[in-house]
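Here's a walk through one protein model and its ligand, with the ligand shell, the strands and a few individual residues as stops. Have the viewer open while you read.

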Amino acid sequence: MKLNIACIEGDGIGPEIVTEAKKILDKVAEVYGHEIVYTNVLMGGASIDVHGVPLTEEAVNAAKAADAVLMGSIGGDTTTSPWYKLPPELRPEAGLLGIRKALNLFANLRPAVLYEELSDACPLKKEISSAGFDMMIMRELTGGLYFGERYTTEENGIRKAVDTLTYDENEIRRIAVKGFDIAMKRKKKVTSVDKANVLDSSRLWRKVVEEVAADYPEVTLEHMLVDNCAMQLVKNPAQFDVILTENMFGDILSDEASMITGSIGMLASASLNDSKFGLYEPSHGSAPDIAGKGIANPIATILSAAMMLRYTFDLDKEADAVENAVKTILRKGYRTIDIMSEGCTQVGCKEMGDLLADEIN
Ligand code: NAD
């Protein structure tokens, strides 16, 4: 298969971690007989330095012309970098928002996996963490409260602010279809999270999700109220497979799920549109405090590349190979500094990439 991948290395540790993710993709291509064509695209601070803006039309067009985008992360030190003296629309983060919008990426996927070897980093009690967990939070990204009409006014001397939460059935259906498709590639369980005891938008959400579920008889669907879900995530995270939810609930729950894994350098993510296209990036930022030191953990970016193989290219065997390589290397006791613990062998970013590439054969 020919894979056309646009690469946004970005800022800070971005170039280091993307280099290692490309090393892994190249090894997968070699072992499984694929051809990869990379196109480099500038975004964020790197684009500001060259073009004066965080995202150009050429960059958007190059991303659109690819099958998928692999991204490091963008941004600098927000107190010292000159990028943050610019007006908000010219800062690095504006590039990220711009590209998400231009590519119509409405579905955000964030896996939260507790690896047995890293279970000490989990802040939950041993009797809960010992069961492990492997869930996927699927968050609607372009609708709901964050995109509804909002204003602040004053009535009779009293200040008042209004935000509106709107979803139409098409917006709900397309994310639900993605959620069920992803569940079919996993443990075939969807937990749809809403607040249907209070909100009309949640009642419509529930109805449409049930309509979509009818086309997926193999997938078990359950509904859960968001407040209960927040509790269940810390009480019994092992019960979840795919959590499907709207924008604001997903924003909060995905951070909660990340926290209970305890290791920021391991968290992958993807944003998808209604074709197979996706933008794949680690959940963490550009870590300017450790940029250029060769110590960043490349695994979140490598696992994001594995998601790309699985969800854009339907290369499940290849994605499994990458994920298994990560498990093996952790089992062998290799750690970057952020996940280091006693008795393990500390390695740098490049060494971690080399070790993982060697495991794919
Ligand atoms: P951050 O995630 O970059 O860093 C938080 C802490 O985690 C730092 O101590 C960092 O060294 C560490 N860390 C992060 N990733 C690591 C890795 N792979 N290996 C080892 N350690 C790692 O968050 P921040 O410091 O709040 O933000 C830094 C910059 O990143 C800011 O400009 C911010 O706007 C940007 N940012 C970008 C994205 C994105 O591109 N999607 C997301 C979040 C933050």
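A polar contact here is a pair of N or O atoms within 3.5 Å; inside the protein, one of the two must be able to donate a hydrogen and the other to accept it. Keep in mind that this is a predicted model.

## D194 and its partners

With that cut-off in hand, start at D194, which is found in strand β8. The backbone nitrogen of A196 lies 3.1 Å from a polar atom of the D194 side chain. There's also a side-chain to side-chain link: D194 and R206 are joined by a polar contact of 2.8 Å.

Is D194 buried or exposed? Its relative accessible area is 0%, so D194 is buried. Setting aside residues up to four places away in sequence, D194 touches S202, W205, R206, H223, M224, L225, V226 and F249.

## Strand β8 and its neighbour

Zooming out to the whole strand, β8 covers residues 189-194 and is mostly covered, with five of its six residues buried. Strand β9 (residues 220-225) runs parallel to β8, and six bridges join the two. To find the register, look at T191, which stands opposite E222 in β9.

## L204 on helix α7

L204 is found in helix α7, which spans residues 200-213. Its relative accessibility is 31%, and because of that L204 counts as partly exposed. Not counting residues up to four places away in sequence, L204 touches Y167, D168, E169 and I172.

If you want a long-range ruler, take L204 and L355: they sit 151 residues apart in sequence, and their C-alpha atoms are 48 Å apart in space.

## Strand β4 between β5 and β11

Next up is β4 (residues 107-114), another mostly covered strand: seven of its eight residues are buried. Which way does β4 run relative to strand β5? The two are antiparallel, with eight bridges joining β4 to β5 (residues 133-140). One pair to pick out is L114 with its bridge partner F133 in β5.

β4 is also joined to β11, again antiparallel, through three bridges. There, A107 has L272 of β11 as its bridge partner.

## S269 in strand β11

Staying with β11, which covers residues 268-272, we find S269. S269 has a relative accessible area of 4%, so it is buried. A polar atom of the S269 side chain lies 2.9 Å from the backbone oxygen of E281.

Leaving aside neighbours within four places in sequence, the contact list of S269 reads L109, R110, P111, L279, Y280, E281, P282, S283, S304 and M307. Hang on to E281 from that list, as its side chain comes up again at the ligand.

## Around the ligand

How many residues surround the ligand? There are 22, and the closest are G76, E93, G285, A287 and D289. By class, that shell has 10 nonpolar, eight polar and four charged residues.

Now for the polar atoms. An N or O atom in the E281 side chain lies 3.1 Å from a nitrogen atom of the ligand. Y84 puts a polar side-chain atom 3.0 Å from a ligand oxygen, while I74 uses a polar backbone atom, 3.0 Å from an oxygen atom of the ligand. Taken alone, the ligand exposes 810 Å², and the protein buries 70% of that. As for secondary structure, the elements giving two or more residues to the shell are β3 (68-73) and α4 (92-102).

## Two loop residues with positive phi

Last stop: a couple of backbone oddities to check. N156 isn't a glycine, but its phi is positive, near 50 degrees. N156 lies in the loop between β6 (150-155) and β7 (158-163). It counts as exposed because its relative accessibility is 80%, the cut-off being over 50%.

D314 is also a non-glycine residue with a positive phi, near 55 degrees. The loop that holds D314 runs between α10 (299-311) and α11 (316-331). With a relative accessible area of 41%, D314 is partly exposed.

Methods:
Residues are numbered from 1 along each chain as its sequence is written. Side-chain values use heavy atoms; hydrogens and water are left out. A residue is near a molecule or strand if one of its heavy atoms lies within 4 Å of it. Accessible areas come from the Shrake-Rupley method with a 1.4 Å probe; for residues, only the protein chains shown count as cover. Helices (H or I, at least four residues) and strands (E, at least two) are DSSP runs, numbered from the N terminus. Ala, Val, Leu, Ile, Met, Phe, Trp, Tyr, Cys and Pro count as nonpolar, Asp, Glu, Lys and Arg as charged, and the others, Gly among them, as polar. Buried means under 20% relative accessible area, exposed over 50%, partly exposed in between (1.4 Å probe, protein chains only). Contact means heavy atoms within 4.5 Å. Two strands pair if DSSP finds at least two bridges between them.
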